[in-house]
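Colleague: I am new to reading structures. Could you take me through this one, step by step?

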Amino acid sequence: MSAGTVVLWRHGRTAWNAEHRLQGATDIPLDDIGRWQVGQAAQGLSERHVPDRIVTSDLGRAADTAQALADLAGLPVEPDPRLRERRFGEWEGLTGDEIALRWPEQYETWRSGHDPHREGAETRRDVADRMAGAIADHASRTATGGTLVVVSHGAAITLGLVTLLGLDPESWRGVFGLHNAHWSVLRRSSGAGRPRWALEAHNQGPAVIVDDWNEGRPTEGVPSTTADALRT
């Protein structure tokens, strides 16, 4: 058994997303716009991919996102704490400006792509190994050639994705994060010298202008459930 396709889907918007606060492992629920995003995205995702399994972080914002697709697909949601967001310790709940004011040197270290030493925080490597291991484990237990949907969080998905592509999560910065309720698609690759997974699509979602999506409104003249997000 082994999945042929893995869809990595980020949860919908929360109040802390809207306020640009670090969430980490804090269990913040979807807000009204996040629930709207999830409904639109689940419909669009189901039109493009037929999942065989849906696994999710056990944090509420991810589990509720997963449930929207599960309701359409008629599948159970399988929670896994290994798919949680990266822990940021005492920075959770704060904005970038608030962090920079209280920990200026550590903030600059973090913004430069390195890991400052902080109590209760995870390193990029820790999260990358945790995520990649969980995804590989679930993929190995999915029907041969089937589709596994993994619902998780922005930083966790990016770090796991980079690792599955055979890249160094501590030094490689070529993959940007996902918009809320958007997804990436990995296909199993074959051939000597290739990583086990190849990136087929990144930051996919309903076709809306990003500013409209973040404000919870369909883009005028664009069907709300068609795929491939427009960029501004």
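What follows is a short set of questions and answers about this predicted model.

Colleague: Which helix gives the most residues to the largest nonpolar core?
Modeller: That core has 25 residues. Strand 1 (5-10), helix 6 (124-140), strand 4 (147-152) and helix 7 (154-164) each supply at least two of them. The top giver, with 7 residues, is helix 6.

Colleague: Which residues touch the most other members of that core?
Modeller: Look among the 25 residues of the largest nonpolar core. Seek the ones that touch the most other members. They are Val6, Leu8, Leu83, Ile135, Leu148, Val150 and Leu186.

Colleague: What is leucine 186 in contact with, leaving aside its neighbours within four places in sequence?
Modeller: Leucine 186 is among the core members that touch the most others. With those sequence neighbours left aside, its contacts are Gly4, Thr5, Val6, Leu8, Leu161, Leu164, Leu165, Trp197, Ala198 and Leu199.

Colleague: How many residues does the second, separate core have?
Modeller: This core is separate from the one just described. Its members include Leu69, Ala181, Val185 and Val208. Its residue count is 18.

Colleague: How many of the residues of helix 7 are buried?
Modeller: Helix 7 is mostly covered. Gly154, Ala156, Ile157, Thr158, Leu159, Gly160, Leu161, Val162 and Leu164 are its buried residues. Out of 11 residues, the buried count is 9.

Colleague: What do the buried residues of helix 7 pack against?
Modeller: One of these residues is Leu161, and leucine 186 is in contact with Leu161. The full list of packing partners is strand 1, helix 6, strand 4, strand 5 and strand 6 (197-204).

Colleague: Which residue with a positive phi follows helix 7?
Modeller: Helix 7 spans 154-164. The phi of the residue in question is near 80°. That residue is glycine 166.

Colleague: Is alanine 181 buried or exposed?
Modeller: Alanine 181 sits in the loop between helix 7 and strand 5. Its phi is positive, near 60°, though the residue is not a glycine. Its relative accessible area is 0%, so alanine 181 is buried.

Colleague: Is histidine 20 buried or exposed?
Modeller: Histidine 20 also has a positive phi, near 60°. Its place is the loop between helix 1 (15-18) and helix 2 (32-48). With 66% relative accessibility, histidine 20 counts as exposed.

Colleague: Where does a polar atom of the side chain of histidine 182 lie, at 3.0 Å from a backbone oxygen?
Modeller: Histidine 182 is in the loop between helix 7 and strand 5 (183-188). It is buried, at 1% relative accessible area. The backbone oxygen at 3.0 Å belongs to asparagine 180.

Colleague: Are the rings of tryptophan 91 and tryptophan 103 stacked, edge-to-face or tilted?
Modeller: Both residues are buried. Their ring centres are 6.1 Å apart. Their planes meet at 40°, so the pair is tilted.

Colleague: How many residues apart in sequence are the parts that this pair ties together?
Modeller: Tryptophan 91 lies in the loop between strand 3 (77-79) and helix 4 (96-102). Tryptophan 103 lies in the loop between helix 4 and helix 5 (104-111). So the parts are apart in sequence by 12 residues.

Colleague: Which residue lies over the face of tryptophan 91?
Modeller: Tryptophan 91 belongs to a cluster linked by ring pairs, along with Phe88, Trp103, Tyr107 and Trp110. The residue over its face is 3.8 Å from the ring centre. That residue is arginine 118.

Conventions:
Residues numbered from 1 in each chain as written. Predicted model: local features only at pLDDT ≥ 70, side-chain atom pairs only at ≥ 80, totals over all residues. Heavy atoms only, no water. Core = buried A, V, L, I, M, F, W, Y, C linked by side-chain atoms within 4.5 Å. Buried < 20%, exposed > 50% of the residue type's maximum accessible area, 1.4 Å probe, protein only. Helix = DSSP H or I, 4+ residues; strand = E, 2+ residues; numbered from the N terminus. Contact = heavy atoms within 4.5 Å. Polar contact = N/O pair within 3.5 Å; in protein donor to acceptor, adjacent residues only side chain to side chain. Phe/Tyr/Trp six-rings, centres within 6.5 Å; stacked < 30°, edge-to-face > 60°. Lys NZ or Arg CZ within 6 Å of the ring centre and 35° of its normal.
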